[in-house]
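Please take me on a walk through this model, one selection at a time. I have the viewer open and would like to know what to pick next and what I will find there.

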Amino acid sequence: MLSIKNLKAEINGKEILKGINLEVKAGEVHAIMGPNGSGKSTLSAVLAGREDYDVTGGSVSFNGKDLLELAAEDRAREGVFLAFQYPIEIPGVSNINFLRTAINEIRKYKGLPDMEAKDFLALIKEKQKLVELDAKLAGRSVNEGFSGGEKKRNEIFQMAVLEPKLSILDETDSGLDIDALRIVANGVNKLKNKNNATILITHYQRLLDYIVPDFVHILYNGKIVKSGGKELALEMEKKGYDEIKKEYDTAAV
Amino acid sequence: MITDKLTATHNFLDELAKHAGKANFMPVSEIGLALQYLEEKGIPNNKHEDYKYCNIEAILRKEFKTISGKEIAVTTNDLKSNYFIKDACNIYVVNGKLILDASEMPANTVVSSIDKTPTEILKKHLAQYAQTNSDALIAVNVAYADRGICLHVTSTVEKTIVIHHVNSSEGDLFFNVRNLFVVEKNAEAQVTEFFHSSNQKYFCNNLSEIFVGESAHFNHTVVQNAGAASYTVNTTKTHQHKQSTYTNSCFTFSGALVRNNLNTAIAAEFAETHLFGLFVTKANQLVDNHTLVDHLKPNCQSNELYKGIVGGKSTSVFNGKIFVEKDAQKTNAYQSSKNILLSDDATVNAKPELEIYANDVKCSHGTSTGKVDENALFYLKARGIGDETARKLLLQAFAHEVIDQLKNETIKEKVVALFEQSLQD
């Protein structure tokens, strides 16, 4: 589904991604872990199409299409979803209007007519239950005045409504208490199927107790330095990132 | 140079004197005062602080050398089919003249042509709140206004009132309209004024004096939607009594020049003033909003929010004055102006001016100007929403705060439609 080859990217002339290679197939869950500043969020932003970053090398193919050629909105329409680490507050745009617009823009891209109002409302109702999102929040402005946990739940709610092929969850666990974490993880697990894939970007192993990955990758200094199964995450948790840092910093010298 | 300009001004005033109609409602003494003021001061250019970005003298000199155009009548049928709004009392005014037989009279209200308004009303209110020798456009209006309407609300009117100002002319025209709104003690009324025109070029110098009596509530909305070649100066002078509320919502969506002068004198205790504004400018438009809230007495509050979406090569001005006079203790006065710039060639001039002479008051003001929020834009795009739709959503969201405070749903719908149309043009 997703094939990243030797991806390099920089911001303001500073190289952050220094040659990323990653293959993600339908039905898989990949976790990308790493210390702060290793390039985790840059990778998710580059995949989602944030224009602040300059891709300087490599390729990303998504279901056979050159993802890097597509505008951010077209990537979303093709089925890429980024759950933001810091969801944006948009006063004056209601969650409902936002989602209806998103769904219909995606449908238009696919040559489909607008979704019927009653089908849309039924969909919203169903997905709200999935992430235990208060119906009142759906009527409010996008993320405005939401708590940290509500914002993250709202991301998963949007994901549930839009049903992407590839979901990239950027530090979705950060700032969540254990109950919110359980709800978010539960939502992600329920949405998982053999046709979609998930990339979890996280600093801590904690989330991986709830969403069990098929593969774990350690990102350090702009490169994936180690890959393995779910046990790699536990190993990292035990040893910390210091060993990795030591090993690769020495190697770099 | 200065002599040249004064000559230019006088040429315009001569032209005006030649073409203006005769007024019979304005006291002769006021007209004398006005003419004397104009003789001495002329029409202001951009050296005048209040007209720094709005050079009326240059506009008149260049665009209105002659004003010999003529008015074109509009049939009742056309008025109704083009402008009628349901669930409202529709009043039609063509080129400042009341079209009585097309209009529906609201309950508890006397609507009259200004020259047919009872003398006792005129005596009590006319030229009382707009000081003749305080501004050139007021003086021009006093000297030459020959039309306008009076709306006298004697007790509460349930149905919302809509005044459609339809300007219809041919050739360059300059006309002065004088209106009076009197809302008596304990009365409540909602009035929305729409300004419409098509492509003709004219200058409308519109002046409204408003009296809001004790414990009266006047909700006043003004929507400028005149054609791209229209020039409008709309001066509103409001006088508020004890425990009264005056809410003004000012929407400007089109016109080559729109200058809104909005002044409120809060002349008695426990009164409230709310001023809301939204303007969308593009091409070479000039929209200049000058507001003044004058707190004269204690225990009153005022709240002001103006928002602008400024694009093309247009220029927008927000100048918001708040005076808190020495006697006006326990005043709460708030003001905020926010602007979004859509192009690098557009200009926003935002200037709050607070003058506070009382010591026990709460006042604040803030102004901001920026572009569409890139983070919000990316967030919307990351959900599959295209650039154009995403920007539109964000601009709607920006305007929402101002539009949403409109109480009447029918009016709100109409304003939303005009707003969205102004984003598309």
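Start by selecting H8(B), residues 387–403, together with helix H9 of chain B, residues 409–424. H8(B) passes H9(B) in a right-handed crossing. Bear in mind as you look around that this is a predicted model. The two helices pack at an angle of about 145°, and their axes are 11 Å apart. Now show side chains along the contact. From H8(B) you want Lys392(B), Leu395(B), Ala399(B) and Ile403(B); these meet Lys412(B), Val415(B), Val416(B), Phe419(B) and Leu423(B) of H9(B). Colour by class and this contact of H8(B) with H9(B) splits into seven nonpolar and two charged residues, with no polar ones.

**Where the chains meet**

Keep H8(B) selected and bring chain A into view. How many residues does each chain put into the contact? Chain B gives 18 residues and chain A gives 19 residues. On the side of chain B that touches chain A, the elements giving two or more residues are helix H7 (374–381) and H8 of chain B. H8(B) supplies the largest share of that side, eight residues. Colouring the side of chain B that touches chain A by class gives eight nonpolar, six polar and four charged residues.

**The nine-stranded sheet of chain B**

Next, select the strands S4, S5, S8, S10, S12, S14, S16, S18 and S20 of chain B; in that order they form an open sheet of nine strands with mixed pairing. Look for the edges at S4(B), residues 109–113, and S20(B), residues 347–356, each of which pairs on one side only. Direction ignored, neighbouring strands of this sheet are turned by 10° against each other on average.

Zoom in on S20(B) and strand S18 of chain B, residues 315–324: they pair in the parallel sense over ten bridges. To find one of these positions, pick Ile322(B), whose bridge partner in S20(B) is Leu354(B).

Then add helix H6 of chain B, residues 136–144. H6(B) lies across S8(B), S10(B) and S12(B), and runs at about 90° to S10(B).

One more stop in this chain: select helix H3 of chain B, residues 56–63, where Ile56(B), Glu57(B) and Leu60(B) are buried. These three are on the same side of H3(B), because they cover an arc of only 105° around the axis.

**Over to chain A: a four-stranded sheet**

Switch to chain A and select S2, S1, S4 and S5, which in that order make an open sheet with antiparallel pairing. S2(A), residues 14–24, and S5(A), residues 65–66, stand at the edges; each has a single partner strand, so one side of each is left without a neighbour in the sheet. Follow S1(A), residues 2–11, alongside S2(A): eight bridges join these antiparallel strands. Leu7(A) is a good place to click, with Ile20(A) as its bridge partner in S2(A).

Add helix H1 of chain A, residues 40–48, which packs on the sheet and touches S1, S2 and S4 of chain A. The direction of H1(A) makes about 70° with that of S2(A). Eight of the nine residues of H1(A) are buried, so this helix is largely enclosed by the rest of the structure. Among the buried ones are Leu43(A), Val46(A) and Leu47(A). Step past the end of H1(A) to Gly49(A), which has a positive phi, near 100°.

Is Val60(A), in strand S4 of chain A, buried or exposed? Val60(A) has 22 C-beta neighbours inside 10 Å, so it counts as buried. Leaving aside residues up to four places away in sequence, Val60(A) touches Ile4(A), Leu7(A), Leu47(A), Leu67(A) and Leu68(A).

**A helix residue and a hairpin**

For contrast in your selections, go to Leu121(A) in helix H4 of chain A, residues 117–130. Leu121(A) is partly exposed, with 13 other C-beta atoms within 10 Å.

Finish at the hairpin made by S11(A) and S12(A), with two residues between the strands. Five bridges join S11(A), residues 215–220, to S12(A), residues 223–228, and the two run antiparallel. Val216(A) stands opposite Gly228(A), and in the turn you will find Asn221(A) with a positive phi of about 55°.

Notes: Residues numbered from 1 in each chain as written. Chains lettered and ligands numbered in written order. Predicted model: local features only at pLDDT ≥ 70, side-chain atom pairs only at ≥ 80, totals over all residues. Contact = placed C-beta atoms within 7 Å. Nonpolar A, V, L, I, M, F, W, Y, C, P; charged D, E, K, R; others polar. Pairing = 2+ DSSP bridges. Axes fitted to C-alpha atoms, helices over the stretch in contact; angles between N-to-C directions. Buried ≥ 20, exposed ≤ 12 C-beta atoms within 10 Å, placed from the backbone. Arc of directions from axis to C-beta. Left-handed = near helix turned anticlockwise from the far one by under 90°.
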